[in-house]
Amino acid sequence: MVRADLESLGGAADQELPNLGGNTFAYTVPVGSGQAPGTYSIPVTVRDNQGRFNSQSLSLIVLATPPAGFVIENEPN
């Protein structure tokens, strides 16, 4: 089981990350438009079925919203 504290991003303090299989865990974090750009430290706890656990922190970078009128152009070259 993997749990993350997403309070710094406006999420749950104890969010469980679903197991996608093969010991891969993921969660899509909805980041609001008012979230300040910067690097956020996300505390994560991992626990196995034998009661062992470890705590780490992940870094998540929130980028600034592009200015109004900004267009991303995609051309085949």
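**Figure 1. Asn23, an exposed loop residue.** At 66% relative accessibility, Asn23 counts as exposed, because the cut-off for that class is over 50%. The model shown here and in the other views is predicted. Asn23 sits in the loop that links strand 3 (19-21) to strand 4 (24-25). Its phi is positive, about 60°, although Asn23 is not a glycine. Most residues other than glycine have a negative phi.

**Figure 2. The hairpin of strand 5 and strand 6.** Strand 5 (38-47) and strand 6 (53-62) are the two arms. They run antiparallel and are joined by ten bridges. Five residues lie between the strands of this hairpin. In the turn, Gly51 has a positive phi of about 85°. Across the pair, Tyr40 stands opposite Leu60 in strand 6.

**Figure 3. Pro43 in strand 5.** Pro43 is part of strand 5. With 38% relative accessibility, Pro43 counts as partly exposed, since this value falls between the 20% and 50% limits. Leaving out residues up to four places away in sequence, Pro43 touches Arg3, Ala4, Asp5, Gln56 and Ser57. Ala68 lies 25 residues from Pro43 along the chain, and their C-alpha atoms are separated by 34 Å.

**Figure 4. The largest nonpolar core.** Nine residues make up this core: Val2, Ala4, Leu6, Leu9, Leu17, Tyr40, Ile42, Val44 and Val62. Strand 1 (2-4) and strand 5 are the elements that give two or more residues to the core. Strand 5 gives the most, with three. In soluble globular proteins, nonpolar side chains tend to be buried together.

**Figure 5. Contacts of Val2.** Val2 is one of the residues of the largest nonpolar core. Setting aside neighbours within four places in sequence, Val2 is in contact with Gln15, Glu16, Leu17, Phe25, Val44, Thr45 and Val46. Among these partners, Leu17 and Val44 also belong to the core.

**Figure 6. The largest pocket.** Its volume is about 200 Å³. The lining consists of Ala4, Leu6, Leu9, Leu17, Tyr27, Val29, Val31, Ile42, Val44, Leu58, Ser59 and Leu60. Strand 5 and strand 6 are the elements that give two or more residues to this lining. Strand 6 gives the most, with three residues. By class, eleven lining residues are nonpolar, one is polar and none is charged. Ala4, Leu6, Leu9, Leu17, Ile42 and Val44 line the pocket and are also members of the largest nonpolar core.

Terms used: Residues numbered from 1 in each chain as written. Predicted model: local features only at pLDDT ≥ 70, side-chain atom pairs only at ≥ 80, totals over all residues. Heavy atoms only, no water. 1 Å grid on protein atoms, 1.4 Å probe; cavity = no way out; pocket = protein on both sides within 12 Å on 5 of 7 lines; lining within 4 Å. Points joined across faces, edges and corners; volume = space filled by probe spheres on them. Helix = DSSP H or I, 4+ residues; strand = E, 2+ residues; numbered from the N terminus. Nonpolar A, V, L, I, M, F, W, Y, C, P; charged D, E, K, R; others polar. Pairing = 2+ DSSP bridges. Core = buried A, V, L, I, M, F, W, Y, C linked by side-chain atoms within 4.5 Å. Buried < 20%, exposed > 50% of the residue type's maximum accessible area, 1.4 Å probe, protein only. Contact = heavy atoms within 4.5 Å.
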